[in-house]
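Here is a quick walk through one fold, strand by strand. Keep the viewer open and follow along.

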Amino acid sequence: MKKLLFFVAGIMMLTACGNQEGKNSQLAQNDSLQNIIAARDNEINDLMGTLNEIQQGFQEINEAEERVTIAKSGEGADKAVQIRENIQFIAQRMAENRELIAKLRQQLREVGFKGDQLQKTIENLTAQMALKDRQLQALRTELDQKNIHIAELDQTITGLNKDVENLNKDVTDLKTENTEKSQTISSQDKQLNTAWFVYGTKSELKNQGIISGGKVLQGNFNKNYFTKIDIRTDREIKLYSKSAKILTSHSSSSYTLDKDTKGQYVLRIIDPQTFWSTSKYLVVQVK
């Protein structure tokens with residue numbers, strides 16, 4: 001009786017330990033997931049913060065331009081001073097915005113965000129910079145006609161032209177980089193989801209080196225004899241034979257061998273991931 005009690009107590013202790021280990025493992029997984037979510041949230045907050053700063057910068061530039069408009073239509077000796085001060089402010093804020101846009105591009109690269117909306121955001125910001133360039137060009141022409149020449153305006157426009165050119169180049173580089181990444185991912189995805197199958201009589205398979213010495217796919221065999229398929233979409237293979245034997249290793253629960261109305265076998269793959277997990281080559285011997 002005592003031995004039985006000790007045995008039961010031991011089982012209970014082991015069960016309790018197992019449950020605790022399971023809970024600890026689940027807690028660790030939850031903590032890891034929470035850390036990933038928190039890190040992603042921080043990245044998104046940083047991106048939004050930079051975007052807000054850029055938009056605030058453009059708003060302040062617009063306000064400074066309005067002050068220039070008021071000053072140039074006014075009277076007095078301090079008109080040129082007011083215009084000069086606001087042009088200097090615009091130049092400073094434009095420089096800050098250029099740095100912020102560069103920072104935003106870097107953030108996007110680091111966090112690996114993808115999608116057309118992010119690319120459009122950069123393009124829109126670049127378009128706004130180009131618009132400011134045109135507006136300042138028009139302002140310089142108007143001031144020259146009124147014999148009001150502001151050296152700072154020339155410097156601002158020269159710098160802006162250069163930076164808009166750089167921004168356009170960066171956007172082009174970003175588009176190229178995204179296109180290359182998309183093509184690489186698409187190619188890798190296609191390779192990961194590609195498989196090959198072949199069916200034939202025993203003598204046909206031997207002639208192609210697919211069966212050799214009683215073994216399958218050993219040594220050099222004719223890969224061109226196989227048919228390539230996409231495992232995501234191709235889930236049914238007609239074997240055109242009333243006798244079929246699968247020679248490669250595939251989980252029996254992942255497929256069925258059914259006969260059609262003519263009594264010929266059709267291989268239906270019901271769980272592609274499991275079916276192709278052991279081998280991306282399928283060999284079926286028919287008669």
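Strand β6 (residues 244-246) runs antiparallel to β9, and three bridges join the two. Keep in mind that this is a predicted model. In that pairing, lysine 245 sits opposite glutamine 285 of β9.

β9 itself covers residues 281-286, and β6 is not its sole topic here. Strand β1 (residues 194-200) is joined to β9 by five bridges, this time running parallel. There, tryptophan 196 faces tyrosine 281 in β9. In general, strands of a sheet pair through backbone hydrogen bonds, and both parallel and antiparallel arrangements occur.

Here are the pairings side by side:

| Strand pair | Bridges | Direction | Residues opposite each other |
|---|---|---|---|
| β6 and β9 | three | antiparallel | lysine 245 and glutamine 285 |
| β1 and β9 | five | parallel | tryptophan 196 and tyrosine 281 |
| β7 and β8 | five | antiparallel | lysine 259 and tyrosine 265 |

How many residues of β9 are buried? Six of its six, so to speak the full strand, counting under 20% relative accessible area as buried. In a regular strand, side chains alternate between the two faces of the sheet. On β9, Tyr281, Val283 and Gln285 are buried on one side, while Leu282, Val284 and Val286 are buried on the other.

Glutamine 285 is worth a click. Leaving out residues up to four places away in sequence, glutamine 285 touches Gly200, Thr201, Lys202, Leu205, Ile211, Ser243, Ala244, Lys245 and Leu247. Valine 198 is 87 residues away from glutamine 285 in sequence, yet their C-alpha atoms are 8.6 Å apart.

Now for another sheet. Which strands form it, and in what order? Three strands make an open, antiparallel sheet in the order β5-β8-β7. Its edges are β5 (236-238) and β7 (255-259), each pairing on one side only. From one strand to the next, the twist averages 20 degrees. Within this sheet, β7 and β8 (residues 265-269) share five bridges, and lysine 259 stands opposite tyrosine 265 of β8.

Zooming out, the protein has six helices and nine strands. Of its 287 residues, 30% are buried. Among contacts with a separation of 6 or more, 71% link residues 24 or more positions apart. The exposed surface comes to about 18300 Å², with carbon and sulfur atoms supplying 50% of it.

Technical notes: Residues are numbered from 1 along each chain as its sequence is written. This is a predicted model: local features need pLDDT of at least 70, side-chain atom pairs count only at pLDDT 80 or more; totals for chains, interfaces and linings use all residues. Side-chain values use heavy atoms; hydrogens and water are left out. Two strands pair if DSSP finds at least two bridges between them. Helices (H or I, at least four residues) and strands (E, at least two) are DSSP runs, numbered from the N terminus. Axes are lines fitted to C-alpha atoms, for helices over the stretch in contact, and angles run from 0 to 180 degrees between N-to-C directions. Buried means under 20% relative accessible area, exposed over 50%, partly exposed in between (1.4 Å probe, protein chains only). Contact means heavy atoms within 4.5 Å. Accessible areas come from the Shrake-Rupley method with a 1.4 Å probe; for residues, only the protein chains shown count as cover.
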